Amino acid sequence: MSFSVTAPSPAARWIAGLLVALYAIVTLLPLAWIIATGFKSPADAIAYPPKVLFEPSLEGYVNLFTTRTRIAEADFAALPPPGTWYEEIVRDQGMVIAGPSRYGERFLNSVIIGFGSTALCMVLGTAAAYAFSRFRVPLKDDLMFFILSTRMMPPIAVAIPIFLMFRQIGLNDTHLGMILLYTAVNLSLSVWLLKGFIDEIPVEYEEAALIDGYTRFQAFRKVVLPQAATGIASTAIFCLIFAWNEYAFAVLLTSGTAQTAPPFIPTIIGTGGKDWPAVAAGATIFLVPVMVFTILLRKHLLRGITFGAVRK
Amino acid sequence: MTHAPMEKLARATPRPVARRISGLSDRAIAWIFVAPSIFLLLAVNIFPLIWTVRLSFTDYRVNRPNRDVEWVGLRNYERILTDDGIWATMQATAHFLIWTLVLQVLIGFALAFLINRKFRGSDLWTTAIVLPMMLSPAVVGNFWTFLYQPQIGLFNYAIGFLTGADPASFSMIGDVALAPWAIIIADTWMWTPFVMLICLAGLRSIPESIYEAAECDRASKWRQFWTITIPMALPFLMLAVLFRGIENFKMFDLVVQLTGGGPGNTTTLTSIDLKREAFERWRTGYSSAYAVILFVTVFGLASIYVKALNKVKER
Amino acid sequence: MNARVMTSAAAGALLAAAASSPALSEDLTLCWAAWDPANALVELSKDFEAASGHSMSFEFVPWPNFADRMLNELNSGGQLCDLMIGDSQWIGGGAESGHYVKLNDFFDAEGITMDDFIPATVTGYSEWPKGTPNYWALPAFGDVVGWTYRKDWFERPEIQAAFQEEYGRDLGVPATLEELKDIAQFFQGREIDGTTVYGAAIYTERGSEGITMGVTNALYNYGFEYENPETPYDLEGFVNSPGAVAGLEYYKELYDTATPPGASNWYMAEDIDAYKSGQVALQMNFAFIWPGVEADPNVGGGKSGYFANPPGPAGQFAQLGGQGISVVAYSQKQDAALEYIKWFAQPKIQARWWELGGYSALKAVVEDPGFADSQPYAQTFLDSMAIVKDFWAEPAYADLLLAMQEKVHDYVVAGNGTAQEALDGLVEEWTVIFEDEGKI
């Protein structure tokens with residue numbers, strides 16, 4: 001960096017760094033607590049007073065992926081020794097594994113619905129954004145504002161007619177229904193963002209391609225799409241985060257087949273009480289994919305969260 | 001796949017003919033590109049909206065399929081607008097909205113200002129700070145109930161450690177006076193990074209040269225802050241307020257998991273109230289009217305605000 | 001274990017042979033709350049799978065979301081559940097909106113009679129309209145609110161002495177609700193083994209049905225009644241009678257003076273957590289938790305005792321929990337679902353159900369001479385089942401419940417207004433609901 005009269009002094013930088021680091025540590029404490037709780041035993045998790053130091057245990061993770069049951073004492077004593085490490089953990093709780101839990105399915109649903117809706121949204125959104133950017137679409141400005149305004153509705157308010165409609169046409173509790181719904185909700189964001197990205201690609205490139213004998217569609221595919229790739233990626237991240245974390249629609253419109261993880265995680269229950277380690281384990285695993293994406297695409301975060309209002 | 005022979009043919013033909021064979025007219029492409037989006041939005045957004053408006057004039061209840069549906073005119077609207085309970089939830093929502101905005105803007109801007117000093121490792125810390133907003137709000141709300149438990153939670157012990165108060169002497173969720181703050185704290189924890197990011201963009205958009213000019217004029221740092229930094233960053237701040245405002249007006253997942261609307265109705269925000277009417281009492285007609293009122297409110301407020309924002313931008 | 005599997009397999013084979021319809025193997029989904037008994041049912045159902053050739057899937061939803069989610073499912077005509085172990089209060093809606101299949105003909109054909117089940121469970125879980133022989137479910141899981149206490153603390157000489165000095169009587173199982181409050185207040189804030197403990201964990205949850213399921217245990221015993229016994233839906237003077245007001249005030253005092261700080265939104269799971277982590281001396285909870293308490297390393301194995309909800313000035317009642325098992329009308333596999341109910345109703349299966357921690361409602365099981373001594377809590381369960389009372393089971397139950405949740409929580413936890421105002425308000429809201437329903 002070149003010398004500048006306005007650059008902050010080293011002391012100012014040092015203090016700024018200290019304050020920010022302090023805030024980061026405080027703000028990460030709850031997150032660290034969640035992750036740590038995942039490795040506590042249920043008894044340690046609800047220890048009174050709370051335990052900072054504890055013996056790590058995988059009980060939470062085992063409980064997250066299994067359903068367990070108590071069996072009569074005589075039967076329990078007669079069981080052969082546990083064959084696997086996770087069986088052993090369950091036996092230590094005085095129980096046997098009754099089967100796998102629903103967490104895997106819910107997580108998979110989140111993957112299908114999250115990625116499915118993001119992909120569909122990118123296809124539709126890129127196409128529409130291109131059209132809005134390059135062609136004269138009648139009522140363009142009105143349509144754009146209309147698209148944006150659909151995101152202002154509280155999801156609960158929208159959910160009433162959607163619930164009725166889905167019930168009527170059999171989309172209730174289906175992957176397809178949720179994919180279409182999340183795509184529609186995300187489409188406004190995508191079209192706005194993507195139009196911004198495509199606007200920035202010089203029209204001359206396509207014109208040159210057209211003169212070279214490309215059709216409009218070829219020009220779109222071979223010239224515009226590669227140019228817009230980073231824009232599409234950063235838009236996709238925001239669609240994915242929304243669809244990944246969405247709760248209100250999921251809790252109202254899905255149940256057995258298409259339920260995603262967010263409505264499921266808070267409802268994980270152990271013996272009698274709440275199984276906090278399992279809840280924490282579920283939350284931790286669920287956080288990993290978006291966290292990875294966030295770190296990979298952190299340079300593009302800004303534009304997404306501001307609906308494209310902030311450039312660069 | 002089917003394009004391949006066409007492309008070959010196209011390349012072998014003089015240009016105008018080629019266009020006619022494999023290329024659609026621009027107008028057709030425009031329509032093909034826009035139509036699916038518009039169709040989906042019509043089906044999933046607009047059609048339901050019209051349906052909601054229609055239902056709002058009836059006494060329809062989803063859980064009574066055998067009952068006749070009657071047109072009740074404006075009675076639903078009348079009942080809602082004269083209901084004290086709904087005004088109480090509106091107040092709770094306003095309290096939540098105003099304080100989360102104030103806190104998030106103050107803390108978020110301060111953080112952005114500090115990060116903009118470009119100290120070593122600022123990128124790393126920024127990424128770390130942003131993490132809470134990547135979580136699922138429902139999961140966050142659920143976990144904060146755990147953190148707020150006076151006997152077994154982290155929050156009260158941390159406060160007790162800092163202030164010397166007995167952790168068991170107060171309950172964030174159970175106390176009528178504290179519960180509204182419990183949801184504000186959790187939301188602020190989660191969403192301050194969002195405001196921070198936008199503010200950071202605002203600060204970075206201010207050209208260095210303006211400060212250099214001010215420096216030549218011997219303007220104090222304090223003066224520079226108030227005459228350059230704040231006015232230049234204001235549109236971004238307002239944008240952050242707009243987005244957070246809309247989101248928190250719709251707030252449901254985090255709070256419903258955190259307090260369930262309690263104690264009493266202290267933290268029953270409008271979305272929670274609406275959910276009870278629509279999906280627990282199944283008063284579909286009534287709650288449709290409720291939804292329409294909310295939509296008009298948020299749309300109206302947002303429009304006014306956007307106008308103000310544009311004025312600030314033009315300055 | 002093998003022997004048992006063999007016998008039940010044999011029983012199942014007989015059953016399968018008896019069924020005249022060609023044995024089509026179906027995948028049945030059973031919906032219930034996510035709690036300990038549900039896991040036991042999974043274990044129990046393995047016998048059914050082996051015997052019938054059908055396979056079983058389960059959809060369990062935790063209590064705070066259970067009603068919400070399942071009623072949503074039923075109201076949307078969903079086919080997720082073939083069998084529903086729905087909460088007792090849904091029976092009116094289930095019957096009148098056509099969610100459940102009426103079981104009378106099936107019972108008659110299979111020789112299942114409701115006389116074989118505990119009367120309170122038949123009324124509570126199966127009948128609609130109440131008091132008529134129209135059955136929409138088979139009693140599946142008997143449950144009732146009762147109390148768990150720290151016997152080991154109660155038995156300590158120094159604690160007994162301190163209590164004797166303070167109250168002039170021995171510390172023991174309370175004979176009345178007043179005594180229960182004394183004991184809870186006595187423990188509130190007391191140092192035991194170096195930590196501060198509290199009196200009682202009670203139901204205070206706001207979002208679903210928690211505080212209603214708790215407060216009724218005080219209301220009933222102080223004189224609250226749902227309606228005029230002479231005139232249905234006549235509420236004034238019954239819901240808000242002086243006794244009812246006293247009961248509500250009692251519950252608030254208990255909440256204010258004898259519960260842990262922060263116990264403002266607690267239901268079954270939170271009460272258990274508080275009890276197991278050693279925070280409280282007493283716990284109000286449904287009986288289903290007792291097998292889990294007995295097996296707990298911290299508070300089980302004789303450290304805990306159990307007692308039925310103690311009487312108040314107006315008598316002794318306890319809030320009914322528990323569920324019946326119904327066949328969902330939208331299911332495509334109703335025959336197989338009925339087969340499951342038939343299998344489940346067998347005395348042998350019911351006996352094993354109790355063994356696994358499920359509270360059977362079959363008389364043959366609970367009246368067995370060995371029953372009362374089979375578990376430390378068995379007698380308390382029987383005593384409690386004899387004094388049950390349930391919330392409204394009307395089709396409008398959700399509306400009625402929401403109104404009660406709001407009024408009671410607002411008074412007890414938020415501390416707004418008086419008990420009289422809360423109950424007067426409740427009468428007003430309930431009256432509007434019944435008017436809307438066309439009942440008044």
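Here's a quick tour of a short helix, a nonpolar core and a chain-to-chain contact. Keep in mind that you're looking at a predicted model. In this model, the largest nonpolar core has 323 residues, and chains A and B meet through 83 residues of chain A and 80 of chain B.

**Helix α3 of chain C**

- This helix covers residues 63–75 of chain C, and its end C-alpha atoms sit 18 Å apart, which agrees with the 18 Å that 13 residues should span at 1.5 Å a residue.
- Because 11 of its 13 residues are buried, α3(C) is largely enclosed by the rest of the structure.
- Among those buried residues are Trp63(C), Phe66(C), Met70(C) and Leu74(C), along with Arg69(C) and Glu73(C).
- Once α3(C) is done, along comes Gly77(C), with a positive phi near 65°.

**The largest nonpolar core**

- The residues with the most contacts inside this core are Ala159(A), Ala186(B), Cys199(B), Leu83(C), Ala200(C) and Leu248(C).
- Its top contributor is helix α9 of chain B (residues 179–204), which puts in 17 residues.
- Leaving aside residues up to four places away in sequence, Cys199(B) touches Gly108(B), Phe109(B), Ala112(B), Ala233(B), Phe236(B), Leu237(B) and Ala240(B).

**Where chain A meets chain B**

- On one side of this contact are 83 residues of chain A, and on the other are 80 residues of chain B.
- Helix α1 of chain A (residues 10–37) gives the most to chain A's side, with 16 residues.
- Chain A's side breaks down into 67 nonpolar, 13 polar and 3 charged residues.

Definitions and conventions: Residues numbered from 1 in each chain as written. Chains lettered and ligands numbered in written order. Predicted model: local features only at pLDDT ≥ 70, side-chain atom pairs only at ≥ 80, totals over all residues. Helix = DSSP H or I, 4+ residues; strand = E, 2+ residues; numbered from the N terminus. Expected span 1.5 Å × (residues − 1). Buried ≥ 20, exposed ≤ 12 C-beta atoms within 10 Å, placed from the backbone. Core = buried A, V, L, I, M, F, W, Y, C linked by C-beta atoms within 7 Å. Contact = placed C-beta atoms within 7 Å. Nonpolar A, V, L, I, M, F, W, Y, C, P; charged D, E, K, R; others polar.
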